[in-house]
Amino acid sequence: MKKFQIGFGYRCMLALALGLILGHFLPENAVNFISPFGDAFLKLLRLIIVPLTFSTIVASFASLENIVLVKKLGVTTLVWFIITALIAGCVGVLIGTIISPGGNLLVNHLQLSSYIPRQIPTLSSTILDMVPGNLIGDISAGKIIPVIIFAIMFGVALSSTHNPNSVLRTFFDEFSKIMFKITRFIIRLSPIGIFALVVPVGHDYGLSTLLPLLSFIFAIYLACAIQLIIYGVILLVVARKNPFKFYQQYWPAMITAFTTSSSLGTLPVTIETLVDRVKLKKSVVGFVAPLGATMKMDGCGAIYPAIVCILTANIFHIDLSVFQYVLIIITAALATIGTAGVPGTASIMATVVLTSAGLPLYGLALVIGIDKIIDMMRTMTNVTGAGVCSVLVDKKYNEEENTSVGEAV
């Protein structure tokens with residue numbers, strides 16, 4: 001008799017549902033006992049982010065012989081990042097306008113006026129933060145982009161030696177394989193980690209907390225769900241890939257993103273899922289996925305700021321013009337790249353977009369308290385967008401590689 005087994009993705013989903021339900025009913029001391037297991041799972045994921053990312057990028061770029069293809073890979077990645085961000089901004093504005101959250105809220109404007117918004121980083125400081133300097137300091141500060149840039153430089157330089165038997169190249173290739181083995185071991189713990197992470201969420205957020213801003217939460221979740229459908233359409237039309245099959249393969253990364261609320265924390269799962277389950281080239285995934293973890297913010301950087309803008313306009317009875325709507329969409333799309341790697345990304349991006357549209361920043365004060373609830377869906381959208389872009393770039397890269405081979409023959 002065949003042994004009954006539940007698939008890994010379904011185990012993660014079951015852990016999510018059980019955690020939310022049990023968390024609502026469990027006493028405080030039980031929640032306090034369970035939650036450290038979730039923190040431990042997050043620490044394990046963070047442990048492997050830098051060594052996995054660095055070794056994968058170096059090994060991938062060192063094995064590439066056509067540097068021209070690498071340039072095209074970078075351009076294609078940025079183009080799809082911007083296109084999907086613009087679409088996400090449009091979805092956010094459309095859903096926000098239809099649902100019109102905050103219209104019936106009774107707000108204490110004196111209480112709102114005490115809100116101190118986060119400081120927006122300057123363009124020069126953002127660019128400087130991306131440039132590798134003290135690499136150890138960058139790693140300890142949680143800055144992944146300098147690590148990515150240095151890894152690319154290292155990999156390209158190693159490739160330019162034109163020595164396929166290089167000891168250093170072999171070392172990074174083997175090191176990358178070992179990191180994948182460690183990653184797979186940690187990912188097997190996902191159902192336990194997911195359960196432990198969502199139990200406190202189920203315990204802390206009751207209906208009394210969510211009801212006043214239910215329309216706002218619904219607008220965020222609906223807009224993100226529509227964005228996921230649009231990703232599926234893009235996969236079908238552009239990549240000729242069955243979106244249902246992709247989501248089935250990519251589900252572990254999506255669930256991990258939903259529960260951890262961290263694109264960067266999900267990165268090891270994203271890389272492993274795209275390589276092992278979706279079957280994309282490791283060289284493409286090693287480049288696109290780490291960039292996507294810091295720069296692909298369709299949920300946090302496009303949908304969320306757009307709906308926050310509409311919420312704020314409704315609260316303060318401001319009629320938005322067509323120009324302001326366009327400005328919100330464009331600024332949100334650009335902000336997803338411009339604030340890459342900045343802590344508190346969603347709040348920073350919302351501040352940038354609100355300022356650009358000439359709206360009061362106090363609207364953010366209302367939604368800070370429920371940030372965890374909406375951040376789960378925002379992050380899942382971010383990570384899914386990065387996965388979809390990886391598929392699109394992989395298809396383009398394979399086409400370019402085949403063309404190059406054909407011309408050489």
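**View 1. Helix 12 packs against helix 13 at an angle of about 175°.** Let us start with a pair of neighbours in this predicted model. Helix 12 covers residues 243-260, and its axis lies 8 Å from that of helix 13. Angles over 145 degrees count as roughly antiparallel, so helix 12 is roughly antiparallel to helix 13. To find the place where they touch, look in helix 12 for Gln249, Tyr250, Pro252, Ala253, Thr256, Ala257 and Thr260. Their partners in helix 13 are Thr266, Val269, Thr270, Thr273 and Leu274. Sorted by class, this contact has six nonpolar and six polar residues, with no charged ones.

**View 2. A cavity is lined by residues that include Ser263, Leu267 and Thr270.** How many cavities of 30 Å³ or more does a search of the whole structure find? The search finds one, and the volume of the largest cavity is about 40 Å³. Besides Ser263, Leu267 and Thr270, the lining holds Ala289, Gly292, Ala293, Asn382, Val383 and Ala386. Three elements each give two or more residues to this lining: helix 13 (263-276), helix 14 (282-295) and helix 19 (371-408). Five of the lining residues are nonpolar and four are polar, while none is charged. You may recognise Thr270 from the first view, where this residue of helix 13 meets helix 12.

**View 3. Helix 2 and helix 7 pack with their axes 7 Å apart.** Here helix 2, residues 28-62, meets helix 7 at an angle of about 30°. Are the two helices roughly parallel or roughly antiparallel to each other? Angles under 35 degrees count as roughly parallel, so helix 2 and helix 7 are roughly parallel to each other. Their crossing is right-handed. From helix 2, the contact uses Val50, Thr53, Phe54, Ile57, Val58, Phe61 and Ala62. Helix 7 brings Val147, Ile148, Phe150, Ala151, Ile152, Phe154, Gly155, Val156, Leu158 and Ser159. Of the residues in this contact, 14 are nonpolar, three are polar and none is charged.

**View 4. Helix 7 also meets helix 8, and their axes cross at roughly 135°.** Stay with helix 7, which spans residues 145-159, and find helix 8 at residues 167-187. The axes of these two helices come within 10 Å. With this crossing angle, helix 7 and helix 8 are oblique to each other. Helix 7 passes helix 8 in a left-handed crossing. On the helix 7 side, Phe154, Leu158 and Ser159 make the contact, and on the helix 8 side Leu168, Arg169 and Phe172 do. Four residues of this contact are nonpolar, one is polar and one is charged. Phe154, Leu158 and Ser159 may look familiar, as they also take part in the contact with helix 2.

Conventions: Residues are numbered from 1 along each chain as its sequence is written. This is a predicted model: local features need pLDDT of at least 70, side-chain atom pairs count only at pLDDT 80 or more; totals for chains, interfaces and linings use all residues. Side-chain values use heavy atoms; hydrogens and water are left out. On a 1 Å grid over the protein atoms alone, a cavity is a set of points where a 1.4 Å probe fits but cannot get out, and a pocket is an open set with protein on both sides within 12 Å along at least five of seven lines; lining residues have an atom within 4 Å of a point. Grid points are joined across faces, edges and corners, and a volume is the space filled by probe spheres set on the points. Helices (H or I, at least four residues) and strands (E, at least two) are DSSP runs, numbered from the N terminus. Ala, Val, Leu, Ile, Met, Phe, Trp, Tyr, Cys and Pro count as nonpolar, Asp, Glu, Lys and Arg as charged, and the others, Gly among them, as polar. Axes are lines fitted to C-alpha atoms, for helices over the stretch in contact, and angles run from 0 to 180 degrees between N-to-C directions. Angles under 35 degrees count as roughly parallel, over 145 as roughly antiparallel, 65 to 115 as roughly perpendicular and the rest as oblique. A crossing is left-handed if the near helix is turned anticlockwise from the far one by less than a right angle, and right-handed if clockwise. Contact means heavy atoms within 4.5 Å.
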